[in-house]
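This briefing concerns a protein–DNA model and is arranged by topic. Please read the points below alongside the sequence and the coordinates.

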There are 2 protein chains.
Amino acid sequence: MAAGLDELVQRSVTEEREAGTAGAVSGPSPRQEQVLDAVLELLAEGTDVLTMSAVARRASCSKETLYKWFGDRDGLLNATVCWQASKVRAGGYDGDRLNTSSLRASLEAFAANWLRVISSRTSIALNRVAISHAASGKSNLGEIVLCNGRFAIGERLKPLLEAARDARLLTFDDTETAFRTFFGLIGRDVQIRLLLGDRLRLSKADIARDAARATQQFLMLHRAAKAPAAPGRTKLNHRKET
Amino acid sequence: MAAGLDELVQRSVTEEREAGTAGAVSGPSPRQEQVLDAVLELLAEGTDVLTMSAVARRASCSKETLYKWFGDRDGLLNATVCWQASKVRAGGYDGDRLNTSSLRASLEAFAANWLRVISSRTSIALNRVAISHAASGKSNLGEIVLCNGRFAIGERLKPLLEAARDARLLTFDDTETAFRTFFGLIGRDVQIRLLLGDRLRLSKADIARDAARATQQFLMLHRAAKAPAAPGRTKLNHRKET
DNA sequence: AGTGTACCGTAACGTACGGTACGGCTAGGC
DNA sequence: GCCTAGCCGTACCGTACGTTACGGTACACT
């Protein structure tokens with residue numbers, strides 16, 4: 001994963017500029033956003049109905065316009081992924097002073113947000129089409145999704161983790177490894193099950209409970225030793241899940 | 001996920017019987033296995049080259065035979081998934097007496113095995129095609145993969161976990177939840193990254209290290225309190241990863 | 001030898017979809 | 001009023017692939 005994040009985020013816009021006449025340097029025009037929303041809408045209804053004709057119909061535009069604006073089908077998908085990513089971006093650590101409870105709250109909020117994202121119809125559909133394309137190797141869509149998903153949130157959380165380490169609230173050697181542990185504790189089998197079509201409903205309550213559990217477990221693994229928590233002192237959330 | 005596991009495993013064989021003349025009640029014939037291996041071979045080379053013509057060419061059989069044996073493309077894929085699943089099955093807990101170190105060894109072996117599976121070209125390709133099909137909703141391929149992957153290994157590990165709980169080596173309320181935690185600690189972001197095309201190489205050493213780390217973390221979270229391990233007493237494997 | 005069966009190789013068919021071309025409509029500038 | 005630009009709607013083209021059909025071959029059985 002050598003390519004930089006920003007470069008990837010901007011790639012589709014670049015292609016759009018190369019291919020078409022949308023002169024605006026910054027992002028898609030409102031009309032183009034309507035088109036991209038139509039793509040997201042169709043995508044949520046099933047990857048197989050996402051044909052260029054269907055997009056044109058849904059967005060009430062001509063296929064000629066689609067090709068003029070986005071170059072080809074891949075360009076349209078790239079632009080869609082970036083458009084969705086730009087809508088999902090949420091704030092990371094903003095430099096607040098940390099204490100035990102604010103750290104826990106931040107981690108829980110982060111976990112809940114990520115669970116919401118990966119269980120959304122849009123994210124599932126987008127990941128599915130990106131995975132299909134990754135198989136063909138002809139497109140960098142998977143890379144874009146990865147950079148705007150997994151890697152973006154990693155970069156967003158790391159400042160918090162490191163601030164917590166500086167504040168002696170957490171202990172770990174490698175930030176990336178610590179993040180991956182948290183990532184695993186949050187997602188577990190959820191994403192692969194959803195991608196494979198498992199009927200798995202995450203209610204708001206489920207998400208809140210999972211976020212709390214993941215955070216609790218992460219803290220147990222990485223809590224700084226200055227306040228050693230003997231296992232069993234803070235209760236583990238092993239409640240049976242529905 | 002209401003359908004039983006065994007039912008799903010057998011489904012493609014049933015279809016095969018309905019559609020064709022392969023009279024053998026049990027599984028594919030050797031010649032058919034050759035065909036299925038050819039499918040796996042092609043799949044590993046890229047999902048997009050998996051056309052019926054390519055399969056026929058690779059397996060040195062006629063398309064007519066393919067359709068007679070497997071019904072249609074979906075039937076061929078179903079049979080392939082089941083064939084691969086039948087090859088991957090490994091033994092679970094066999095009732096050995098457990099102690100601390102044998103439990104750790106079993107968990108590590110389990111984790112390493114799972115990491116090997118999800119990072120294999122075959123598994124990646126199979127999951128990709130199943131995910132593509134899950135998007136179209138027209139096939140139960142995702143269900144089959146899920147039952148032979150995620151759920152099968154869960155059922156295989158649970159006896160060990162419960163035996164360990166009975167032996168007072170582990171403590172948890174719900175076996176399924178405990179397993180999901182372990183699952184998350186093992187896989188973390190590996191599977192989604194590989195599915196999305198991230199170049200991620202897991203050497204044997206990486207796998208062994210990850211399996212040990214996941215096991216260590218899982219034990220820290222679920223070790224029975226009779227031998228309380230203060231955080232930091234046993235060193236955490238936060239070595240920087242390559 | 002004759003017949004039937006299973007199979008290979010390949011040609012052919014139908015369709016779906018990405019991509020293109022073209023006619024018509026609207027709006028803004030002169 | 002007229003011209004140009006941009007866009008809509010749609011018909012059209014080429015291709016790829018799933019599926020079917022057919023001719024030819026090897027072999028078992030009688």
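A polar contact is a pair of N or O atoms within 3.5 Å. By that criterion, a backbone N or O atom of A:Ser62, at 3.3 Å from a phosphate oxygen of DNA strand D, makes such a contact. The model is predicted. The points that follow treat the two DNA strands in turn, then selected features of the protein chains.

**Surface near DNA strand D**

- The surroundings of DNA strand D comprise 16 residues, of which A:Arg31, A:Thr65, B:Lys63, B:Glu64 and B:Arg73 come nearest.
- By class, these surroundings of DNA strand D contain seven charged, five nonpolar and four polar residues.
- Sugar or phosphate supplies 57% of the atoms of DNA strand D within 4 Å of the protein, and bases supply the rest.
- The side chain of A:Arg31 places an N or O atom 2.9 Å from a phosphate oxygen of DNA strand D.
- Two contacts use the protein backbone: an N or O atom of A:Ser60 lies 3.5 Å from a phosphate oxygen of DNA strand D, and the corresponding distance for A:Ser62 is 3.3 Å.
- Two or more residues each are given to this surface by H4 of chain A and by helix H4 (63-70) of chain B.
- H4(A) gives the most to the surface near DNA strand D, with four residues.

**Surface near DNA strand C**

- DNA strand C is surrounded by 15 residues, and the closest are A:Lys63, A:Glu64, B:Arg31, B:Glu64 and B:Thr65.
- Of the atoms of DNA strand C that come within 4 Å of the protein, 57% belong to sugar and phosphate.
- The classes represented near DNA strand C are charged, with seven residues, nonpolar, with four, and polar, with four.
- A polar side-chain atom of B:Arg31 is 2.7 Å from a phosphate oxygen of DNA strand C.
- From chain A, side-chain N or O atoms approach phosphate oxygens of DNA strand C at 2.9 Å for A:Arg73 and at 3.4 Å for A:Tyr67.
- H4 of chain A and H4 of chain B are the elements that give two or more residues to the surface near DNA strand C.
- H4(B) provides the largest share of that surface, four residues.

**Helix H3 of chain A**

- Helix H3 (residues 52-59) of chain A has as its buried residues A:Met52, A:Ala54, A:Val55, A:Ala56 and A:Ala59.
- The cover over the buried residues of H3(A) includes helix H2 (30-45), helix H4 (63-70) and helix H5 (73-88) of chain A.
- After H3(A) comes A:Ser60, which has a positive phi near 55 degrees; the backbone of A:Ser60 also lies 3.5 Å from a phosphate oxygen of DNA strand D, as listed above.

**Helix packing and a buried threonine in chain B**

- Helix H2 (residues 30-45) and helix H7 (residues 121-136) of chain B pack with axes 8 Å apart, at an angle of about 85 degrees.
- Angles of 65 to 115 degrees count as roughly perpendicular, and H2(B) and H7(B) are therefore roughly perpendicular to each other.
- H2(B) contributes B:Leu40, B:Leu43, B:Ala44 and B:Glu45 to the contact, while H7(B) contributes B:Arg121, B:Thr122, B:Ala125, B:Leu126 and B:Val129.
- The contact of H2(B) with H7(B) comprises six nonpolar, two charged and one polar residues.
- B:Thr80 is located in helix H5 (residues 73-88) of chain B.
- B:Thr80 counts as buried because its relative accessibility is 1%, and buried means under 20%.
- Beyond its neighbours within four places in sequence, B:Thr80 is in contact with B:Leu36, B:Val39 and B:Leu40.
- B:Leu40 also takes part in the contact between H2(B) and H7(B).

Technical notes. Residues numbered from 1 in each chain as written. Chains lettered and ligands numbered in written order. Predicted model: local features only at pLDDT ≥ 70, side-chain atom pairs only at ≥ 80, totals over all residues. Heavy atoms only, no water. Axes fitted to C-alpha atoms, helices over the stretch in contact; angles between N-to-C directions. Parallel < 35°, antiparallel > 145°, perpendicular 65-115°, else oblique. Contact = heavy atoms within 4.5 Å. Nonpolar A, V, L, I, M, F, W, Y, C, P; charged D, E, K, R; others polar. Buried < 20%, exposed > 50% of the residue type's maximum accessible area, 1.4 Å probe, protein only. Near = heavy atom within 4 Å. Polar contact = N/O pair within 3.5 Å; in protein donor to acceptor, adjacent residues only side chain to side chain.
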